[in-house]
Amino acid sequence: MVKINMRMSLSDESKRDIVIIVLMISIVLLGLFLRTYYVAVPSIQNGFAVSGGSDSFYHERVIDYIVATGHQLIHDPMLNYPIGMNDPRPPIFEWSVVAMAYLFLPFVGSMTNALGYSLVMISAIFGALIAIPMYLMGKEAFNRKVGIISAFLIATSAANMMRSVASWGGYDVTILFFAVWTWYFLLKALKSINQGIWVENYLSLSSWKKGTRKFFSENKKATVYAALSGISMATVTLMWQGFAYVEAIILIYLVIQVFYNRFKNVSSFHIFWITIIIGLFTYPISIPYYYADVTNIFTNSYFATQLY
């Protein structure tokens, strides 16, 4: 009888992948444990008490309005009473809490309890999950070891936990979660570029057209990553009106990169198009909310500054 050896041998690369997966799962679970163990139960036992200050209480008000009406609270008569004023917070965070509540609903019996669990836990969940994009960005910029260290540090950072502990009920860490994805996809887009000379004469329109066609035909993967960066950035804009800070970090990097390329005699044509693609996915997605929120979007102090 011939014995058939069914033992499967794993390659060194597969073994490293398994180790990384185990480490990342451990880091995420550690981050979730640190953010929930001492806080979640007391918060739930005290009527889903939140600890994030006035922001958290106002998030609760908007969430209650969404559940009651099915619409976003745009103009709130209770702000600046008795005149009223527009809700200064974009809608994505509150709607995310409502969406997550449906995941809790089958286990807690009522929508009121589901909303309470969702608001209490959302910051802790995103505070733990942020280790994933941090690992990917560290890995892409340097190597896997740096990625693991970055993930561990963000998961155990006291500054990060302060704004992502269970019961916080705020959007700070959720904003950072999507901001890191924005920077990661930008980095992937730039590293995926097939370097070359796309425009031979910048004073010639036909040369620009030819170079643009060549750029997109040779850099489909980079285009997709730039689009994903723009979608992540749009999520930030629809969650936080201070999204200019995220854009400023990108702009500072790109300006430095352009100057570096100039001295190295390297074309920055790809940076131009990557930036355009990000903008084309960021602003069209976010404009509808800001247009509904103000009389003239192009004079809105929050939106127009970044747009210009």
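## A loop and its distant partner

In this predicted model, residue Q195 sits in the loop that runs between helix 9 (172-191) and helix 10 (205-218). Which residues does Q195 contact, once its neighbours within four places in sequence are left aside? The contacts of Q195 are with V266, S267 and H270. For one of these partners, V266, the separation from Q195 is 71 residues in sequence, while the C-alpha atoms of the two are 8.7 Å apart in space.

## The chain as a whole

The contacts of Q195 can be set beside a figure for the chain: among contacts with a separation of 6 or more, 69% join residues that are 24 or more positions apart. The chain contains 14 helices and 2 strands, and its C-alpha trace spans about 80 × 65 × 40 Å along the principal axes.

Of the 308 residues in the chain, 44% count as buried. The accessible surface comes to about 17,300 Å², and carbon and sulfur atoms account for 68% of that area. The chain carries 21 positive and 15 negative charges, and the mean positions of these two groups are 17 Å apart.

## Patches on the surface

Where is nonpolar surface gathered into a patch? A patch of about 820 Å² is made by L30, F33, L34, Y37, Y38, I149, F152 and L153. Helix 1 (12-36) and helix 7 (144-156) are the elements that give two or more residues to this nonpolar patch. One of the patch residues, L34, has its place in helix 1. Because its relative accessible area is 33%, L34 counts as partly exposed, and this value also passes the cut-off of over 30% that is set for residues of a patch.

A patch of another kind, one of positive charge, is formed on the surface by K209, K210, R213 and K214. Of these residues, K214 can be placed in helix 10, and with a relative accessibility of 36% K214 counts as partly exposed.

## Salt bridges

The whole structure holds 8 salt bridges, and three of them are described here. In helix 1, R16 forms a salt bridge with E13, and the closest N and O atoms of this pair are 2.7 Å apart. The two residues both belong to helix 1 and are 3 residues apart, which is about one turn of the helix. R16 is partly exposed, with a relative accessible area of 44%, and E13 is also counted as partly exposed, at 37% relative accessibility.

A salt bridge also links D76 with R61, where the closest N and O atoms are 2.7 Å apart. Because D76 lies in strand 1 (residues 75-76) and R61 in helix 3 (residues 54-69), this pair ties together parts that are 15 residues apart in sequence. Are the two partners buried or exposed to some degree? D76 counts as buried, since its relative accessibility is 0%, whereas R61, at 35%, counts as partly exposed.

In the third pair, the side chains of R163 and D172 meet in a salt bridge, with a distance of 2.9 Å from N to O. R163 is partly exposed at 36% relative accessibility, and D172 is partly exposed as well, with a relative accessible area of 28%. Elsewhere, salt bridges that share partners join E13, R16, D17 and R144 into one network.

## Backbone details

Most residues other than glycine have a negative phi, and most peptide bonds are trans. Against that background, a few places in the backbone deserve a careful look. The peptide bond from Y81 to P82 is cis, and its omega is near 5°. P82 belongs to the loop between strand 1 and strand 2 (85-86), and N80 lies in the loop between strand 1 and strand 2 too. The phi of N80 is near 55°, a positive value in a residue other than glycine, and N80 is partly exposed, with a relative accessible area of 47%.

Which loop holds F48? F48 is found between helix 2 (40-45) and helix 3, and its phi, near 60°, is a positive value in a residue other than glycine. With a relative accessible area of 15%, F48 is buried, because the cut-off for buried residues is under 20%.

Key. Residues numbered from 1 in each chain as written. Predicted model: local features only at pLDDT ≥ 70, side-chain atom pairs only at ≥ 80, totals over all residues. Heavy atoms only, no water. Helix = DSSP H or I, 4+ residues; strand = E, 2+ residues; numbered from the N terminus. Buried < 20%, exposed > 50% of the residue type's maximum accessible area, 1.4 Å probe, protein only. Contact = heavy atoms within 4.5 Å. Areas by Shrake-Rupley, 256 points an atom, 1.4 Å probe, with all protein chains shown as cover. Lys, Arg positive; Asp, Glu negative; His and termini not counted. Charge placed at Lys NZ, Arg CZ, Asp CG, Glu CD. Patch = residues over 30% accessible without salt bridge, like charges linked within 9 Å, V, L, I, M, F, W, Y side chains within 5 Å. Salt bridge = Lys/Arg side-chain N within 4 Å of Asp/Glu carboxyl O.
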